[in-house]
Amino acid sequence: MPTGEFTYTGAWRPAPPPPPPPQDPDGPVLIVHAPDGRPLAEALAAHHAGAEVHLHEAGTRAPRPASAPRTVYFLGGLRTGTADGTAALDRAEERGVRALFRCARDLLIPAAATRELDLRIVTNDTWPVAGSRVLNPHAASLTGLARVLESEHRRWHAPVLDLGLGGRLPGPGSTGMARLAALIAAEPAERGLDAAHRDGVRHVRTLHPLTLPAAVPGRIRDGGTYAIVGGAGGIGLETARFLARDHGARVALLGRSALDPERDRRIREADPDGTRLLYVRADAAETAGLRAGLRTVREHFGPLHGVIHSALAHTPGLVRGLDEEALRESLAAKSRVSVALAEVLGGEELDFLLFFSSVQSFLGDAGLAGYAAGSAFQDAYAHALDQRLPFPVRVVDWGWWGTVGAATGAEVRARALRQGFRSLSPREGFETVLRTLGGRDVQVLALPAEDVLLARLGLTGRRPERSAAGR
């Protein structure tokens, strides 16, 4: 890649089918399903007729096999229909990522924390594979949690298989259901694997270097109006500073909490005359609060031209000891706020909607369950929204900002450098934003890093792709 380039993109590449697996796993099989997923769970059980099989409906008390499960199928990411909105998100998370979290914390970790475990996670229509529509982005959070579980348990394998079902499952007892069960059982239990099936073709997800186009003049309007959710935080405030200074923009910073003295000081420092930046207190996770906040923005600055989601909430902790409320809070800052933005802004005439996500949706480092899961949701949701909204939607998966934001402490810095991260400067970050908004790639990973970290993501030795100019 050219010197200074550190951006990447994901792609789903056709891959050969895996070799036939043994009919029955070595040890007990646990199949976790939502209520409408029971027919598929029963078809999987029939596929493993010679094994000790236990079926468990998510949300009920899990069975205790005589010995620790060796193979687990988690079907909570399967979803029929295409409903969106915060209510649909809550239902999907309850049967999906939160159910997997409880299953892992309360059953699998006590039984098999240090043992070999194959945890196959199944979703449908979650990613834009081979040009398919994203109908079920809510299930993408399972991918982030899967990577965290692998990081916390080195003998666990948690591949994620995304099926192209068009939002529908085969009928109970049909030959299609039996074929689907065989397809799921055939997927190898490979660590870090994201696989998908579309129209009879198997695909795997890979990352590739990406050369973004030069920034497009006018993509950020001179004197335009922008809102940044979470904008009083480090990365959001730096972005607001560049918007105001380089483009004469007026920027509203939306936050849930009252403005504390330190953040007030930083905002005044970024906007000495007090005419460019405005802090607006609003709970962006609730559509009513978000609407009210954006109404205040318009009253002060006029029509909106673009919106950036930069909010996060994170309580670090391994899954085995993590409180579910902490997981919910981390998820909501990413997933619920993103969905509320789509609800409120769907009919607007914006230039763009931009999500700030994280490389942790791919890495899933130990202790980052809610953050990684929420970031993975944002990745898929950006693809879904870009397919259906009248304005471009983009997502940047950030690496490490070592000088601003929540990851500037000495301990975090030492750990990041050991892992192979290199710090993004605020100027590099803003240039990446401008170039991402000018390209066609919905999702961009911005990751200055040493080879040791790039190797974890399978990025060493790959040729860069070039992004075309976008809409």
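These legends describe close-up views of a predicted model.

**View 1. The largest cavity and its lining.**
A search of the whole structure finds three cavities of 30 Å³ or more. The largest cavity holds about 60 Å³ of space. Its lining is made up of 13 residues, and G76, G77, A92, G96 and A139 are the ones that lie nearest the centre. At least two lining residues come from each of β4 (71-77), α2 (86-95) and α4 (141-152). By class, the lining of the largest cavity contains five nonpolar, six polar and two charged residues.

**View 2. The second largest cavity.**
The volume of the second largest cavity is about 40 Å³. The residues that line it are A34, D36, G37, L75, L78, R79, T80, R95 and L169. Four residues of this lining are nonpolar, two are polar and three are charged.

**View 3. The salt bridge between E116 and R155.**
The structure holds 36 salt bridges. In one of them, the side chains of E116 and R155 meet at 3.5 Å, N to O. E116 lies in the loop between α3 (97-112) and β5 (117-124), and R155 lies in the loop between α4 and β6 (156-157), so the salt bridge ties together parts that are 39 residues apart in sequence. E116 has a relative accessibility of 30% and therefore counts as partly exposed. R155, with a relative accessible area of 41%, is partly exposed.

**View 4. The salt bridge between R205 and D194.**
A salt bridge joins R205 to D194, and their closest N and O atoms are 2.9 Å apart. R205 belongs to strand β9 (residues 201-211) and D194 to strand β8 (residues 194-198), so the pair ties together parts that are eleven residues apart in sequence. R205 counts as buried because its relative accessibility is 15%, under the 20% that sets the limit for buried residues. D194 also counts as buried, at 9% relative accessibility.

**View 5. The salt bridge between D246 and R427, and a salt-bridge network.**
D246 and R427 form a salt bridge through their side chains, with an N to O distance of 3.2 Å. D246 is in helix α6 (residues 234-247) and R427 is in helix α13 (residues 426-437), so this pair ties together parts that are 181 residues apart in sequence. D246 counts as partly exposed at 33% relative accessibility. R427 is partly exposed, and its relative accessible area is 36%. In addition, D90, E93, E94, R98, R102, E324 and R328 are joined into one network by salt bridges that share partners.

**View 6. The largest nonpolar core.**
In soluble globular proteins, nonpolar side chains tend to be buried together. The largest nonpolar core here has 35 residues, and L254, L341, L353 and F355 have the most contacts inside it. Two or more residues of this core come from each of β10 (225-229), β11 (250-255), β12 (277-281), α8 (287-301), α9 (324-345), β14 (352-358), α11 (369-388) and β15 (393-398). Helix α9 gives the most to this core, with seven residues.

**View 7. Contacts of L353, and another core.**
Leaving aside residues up to four places away in sequence, L353 touches V307, L341, L345, L385, F391, P392, V393 and R394. Apart from the largest nonpolar core lies another core, of 34 residues. Among the residues of this other core are L100, F101, I121 and L327.

**View 8. The second largest pocket.**
The second largest pocket contains about 480 Å³ of space. It is lined by 20 residues, and those closest to its centre are R147, G192, F362, R456 and L457. The elements α4, β9 and α10 (360-363) give two or more residues to the lining of this pocket. Divided by class, the lining of the second largest pocket has six nonpolar, five polar and nine charged residues.

**View 9. P261 in helix α7.**
P261 is located in helix α7 (residues 261-270). With a relative accessible area of 68%, P261 is exposed. P261 and H54 are 55 Å apart in space, C-alpha to C-alpha, and 207 residues apart in sequence.

Notes: Residues are numbered from 1 along each chain as its sequence is written. This is a predicted model: local features need pLDDT of at least 70, side-chain atom pairs count only at pLDDT 80 or more; totals for chains, interfaces and linings use all residues. Side-chain values use heavy atoms; hydrogens and water are left out. On a 1 Å grid over the protein atoms alone, a cavity is a set of points where a 1.4 Å probe fits but cannot get out, and a pocket is an open set with protein on both sides within 12 Å along at least five of seven lines; lining residues have an atom within 4 Å of a point. Grid points are joined across faces, edges and corners, and a volume is the space filled by probe spheres set on the points. Helices (H or I, at least four residues) and strands (E, at least two) are DSSP runs, numbered from the N terminus. Ala, Val, Leu, Ile, Met, Phe, Trp, Tyr, Cys and Pro count as nonpolar, Asp, Glu, Lys and Arg as charged, and the others, Gly among them, as polar. A salt bridge is a side-chain nitrogen of Lys or Arg within 4 Å of a carboxyl oxygen of Asp or Glu. Buried means under 20% relative accessible area, exposed over 50%, partly exposed in between (1.4 Å probe, protein chains only). A nonpolar core is a set of buried Ala, Val, Leu, Ile, Met, Phe, Trp, Tyr and Cys residues joined through side-chain atoms within 4.5 Å. Contact means heavy atoms within 4.5 Å.
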